[in-house]
Amino acid sequence: MSTERRLRLPGLAYGGDYNPEQWPEKVWAEDMALMREAGVTMVSVGIFSWALLEPSEGVHDFSRMDKILDLLHQFGIAADLATPTAAPPAWFFRAHPEALPVDRDGRTLSYGSRQTFCPSSPAYRTAALAIAGALAERYADHPAVAMWHIHNEYGCHNAACYCDTSAAAFRNWLRTKYGDDLSALNDAWGTAFWSQWYYDWDEIIPPRTTGADPNPAHQLDWRRFCSDELLSLCTAERDVLRRAAPDIPATTNFMVVHNFDALDYWRWAPELDIVSNDHYLRSTDPESQVDLALCGDLVRSMAGGPWLLMEHSTGAVNWQPVNRAKGPGEMRRNALAHVAHGADGIAYFQWRAAKAGAEQWHSAMLPHAGTDSQIWQDVVQLGADLKALAEVRGSTSPAQVAVVWDWNARWAMEQPSQPSSELRFQDLVRHWYAPLWRAGVAVDFVRPDSRDLDRYRLVLAPSLYLVDDVGAAALTGFVERGGTLAVGFHSGAVDENCHVRLGGYPGAFREILGVHGDEVFPLLPGQSVGLLGQVPQEATADLWTERLRLTGAEAVARYADGPLAGVPAVTRHPYGGGTAWYLATHPDPTTLSALLERITREAGVRPEREAPAGVEVVRRRGADADYLFLIDHAGRGAEIPAEGFELLTGKPVVGSVTVPEGGVAVVREPLAESER
């Protein structure tokens with residue numbers, strides 16, 4: 001968060017998206033009373049209200065918003081006031097049909113939903129900044145406004161537009177990146193392949209649908225451009241708001257969630273006063289709490305500390321093939337797990353469940369059934385919980401392990417023409433993250449080129465297909481200075497332009513890993529191989545194998561069968577003052593857990609607290625105390641060693657704390673002398 005612009009609310013924020021314009025005004029008074037009952041302290045307003053705020057170009061009607069903000073202030077509820085630019089009104093597209101987005105196949109999409117605009121459209125930018133400016137000028141001094149909410153979920157539906165306007169913007173972006181040197185672009189893109197050489201900037205187009213696989217470097221720069229183009233819209237709105245209200249913090253809601261990869265949030269986070277995120281569970285995920293924790297840790301790492309959860313669901317969502325409702329206690333566990341992983345505020349989509357529109361079957365704080373519902377009881381209980389946890393606000397999350405995360409590596413590896421189309425970046429990272437989560441080992445996420453690696457004992461790079469020379473040097477230097485690094489298969493393979501690093505695999509990391517590979521052997525779906533050596537009995541691996549020879553490393557495990565029987569599969573290499581491990585395959589979960597337990601132990605990393613399987617253990621650290629979060633996902637309850645004060649029950653803890661079945665305990669513990 002910015003040191004200058006902070007959210008000036010006491011305790012942990014609590015609320016959700018509030019859309020009173022969808023309801024008769026007589027309902028608003030009931031909303032205020034129920035918000036007070038639930039303990040709501042802040043709501044987001046105006047997110048999709050452009051058509052009502054500006055019924056025709058340049059003509060504004062703020063009467064409804066005036067009443068809403070005045071009412072919120074009267075009842076002591078802060079407003080996170082949004083610029084409504086995620087949903088331009090119909091009149092805008094009638095006047096500017098050229099602003100509609102075009103898909104990869106050349107089809108112009110129609111308006112009639114949200115985010116149906118071209119991110120490069122000059123007309124859209126002008127209209128968006130105009131409505132943002134009008135809002136800022138009118139409400140900069142309104143006492144209810146505690147934060148600006150820029151747009152909503154950038155790139156959710158229009159991460160890329162392939163129209164001619166976007167093509168021109170892409171060319172301008174490329175000219176800036178390559179110093180107006182077309183030969184530098186040709187070299188970076190490897191355009192000698194398939195006769196793709198460009199002799200004029202105007203020959204370059206977006207990677208539209210074509211007859212064969214696209215150029216990987218072209219596709220990668222396009223992904224970078226699309227992320228930057230949307231970021232430029234965000235920062236332009238931010239600057240308009242700052243000019244009108246220099247002291248009010250601004251945020252926009254990221255989507256660090258399993259199924260979204262459009263934006264490089266490492267580039268976005270420094271541009272915001274407060275980092276916020278939306279997170280939703282997948283109905284098909286049997287351990288969705290792991291994804292929740294991973295995403296929370298990633299957002300906290302990007303924020304450099306506490307962050308805000310701007311959206312999640314009280315129950316089912318509306319956009320999956322089957323939308324599972326949450327089980328008993330799950331809503332509470334989810335919310336408090338977000339707090340455990342750094343959230344200083346909890347908000348939902350939305351306050352009152354809609355009776356019409358595309359999201360009418362999305363759960364809300366106040367469901368269709370009203371207050372005579374389990375969800376409402378849970379909402380009120382959560383408000384009381386967050387009030388009891390007020391002192392946790394601002395505390396950090398100490399970690400001795402860092403996991404490398406890079407959107408460029410993700411984009412590059414998931415392009416066509418890879419050795420295997422079965423590789424998914426987030427799945428590979430989660431495969432390594434989950435054993436640490438189960439063991440109660442705290443994790444931060446870092447960029448590969450981070451300058452702050454020495455604060456960690458152990459750095460893990462589960463999937464780093466693409467890495468530039470700066471990132472490779474940073475990780476190498478970390479090992480040289482005494483750190484422990486573990487690298488996953490198919491890492492270090494290409495540079496920042498998707499050019500293969502020649503000389504053998506794993507490319508940039510051959511020297512520190514002490515191995516040399518000459519061929520990769522991806523496995524077919526359903527195929528696996530056995531592992532033997534310093535691994536559990538009946539150890540197996542799937543997805544990927546590589547033909548390696550040792551050039552200084554020791555073999556911790558070898559393939560027991562298959563075309564590479566006897567070849568090293570897991571290696572360990574002392575290098576400089578540290579140690580580098582290589583997992584050249586995808587071990588089964590039990591085997592990977594055993595390997596990571598050994599790697600963390602040798603690196604001097606210990607779990608936060610021993611706990612039974614199914615109990616999540618997370619620590620936040622304040623200036624004067626630690627806060628130990630214990631969350632029972634298994635539904636069996638637990639007795640955990642602890643000393644201090646349990647905040648949710650208000651009871652002292654001597655010797656141990658009882659975690660209720662399917663429940664949560666949060667223990668304030670004194671700081672160790674070494675941490676004071």
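Two strands count as paired when DSSP finds at least two bridges between them. Keep that in mind as you open this predicted model, and let's start where the rule is put to use.

**Stop 1: the parallel sheet**

Select strand β4, residues 145-149, together with β5: two bridges join them, and they run parallel. One of the residues to click is tryptophan 148, whose bridge partner in β5 is alanine 250. Now widen the selection to the whole open sheet, where nine strands follow the order β5-β4-β3-β2-β1-β9-β8-β7-β6 with parallel pairing. At its edges you will find β5 (250-251) and β6 (253-254), each pairing on one side only.

**Stop 2: two helices on that sheet**

Next, show helix α1, residues 26-38, which lies across β1 (13-18) and β2 (42-45) and runs at about 155 degrees to β1. Add helix α12, residues 374-388: this helix packs on the sheet as well, touching β1 and β9 (343-348), and its direction makes about 140 degrees with that of β1.

How do α1 and α12 pack against each other, and how far apart are their axes? The angle is about 60 degrees and the axes are 7 Å apart. The pair is therefore oblique, since an angle of 65 to 115 degrees would be needed to count as roughly perpendicular. To see the contact, show Leu34, Glu37 and Ala38 of α1 as sticks, along with Trp376, Val379, Val380 and Gly383 of α12.

**Stop 3: the antiparallel sheet**

Move on to an open sheet of five strands, ordered β22-β23-β28-β25-β26 and paired antiparallel. Here β22 (615-621) and β26 (651-653) stand at the edges; each has a single partner strand, so one side of each lacks a neighbour in the sheet. Ignoring direction, neighbouring strands of this sheet are turned by 25 degrees against each other on average.

Zoom in on β23 (residues 625-632) and β28 (residues 664-670), an antiparallel pair with seven bridges. Leucine 630 stands opposite alanine 665 in β28. Then bring in helix α11, residues 330-340, which lies across β22, β23 and β28 at about 150 degrees to β23.

**Stop 4: helix α14**

Finally, select residues 425-439. At 1.5 Å a residue, the 15 residues of α14 should span 21 Å, and the end C-alpha atoms are 22 Å apart, which agrees. Look along the helix for a kink of about 30 degrees at tyrosine 433, shortly before proline 435.

Is α14 mostly covered or mostly open? Mostly covered, with 12 of its 15 residues buried; among them are Phe425, His431, Tyr433 and Pro435. Just after the helix comes glycine 440, with a positive phi near 75 degrees.

Conventions
Residues are numbered from 1 along each chain as its sequence is written. This is a predicted model: local features need pLDDT of at least 70, side-chain atom pairs count only at pLDDT 80 or more; totals for chains, interfaces and linings use all residues. Side-chain values use heavy atoms; hydrogens and water are left out. Helices (H or I, at least four residues) and strands (E, at least two) are DSSP runs, numbered from the N terminus. The expected span of a helix is 1.5 Å times one less than its number of residues. The bend at a residue is the angle between axes fitted to the seven residues ending there and the seven starting there. Buried means under 20% relative accessible area, exposed over 50%, partly exposed in between (1.4 Å probe, protein chains only). Contact means heavy atoms within 4.5 Å. Axes are lines fitted to C-alpha atoms, for helices over the stretch in contact, and angles run from 0 to 180 degrees between N-to-C directions. Angles under 35 degrees count as roughly parallel, over 145 as roughly antiparallel, 65 to 115 as roughly perpendicular and the rest as oblique.
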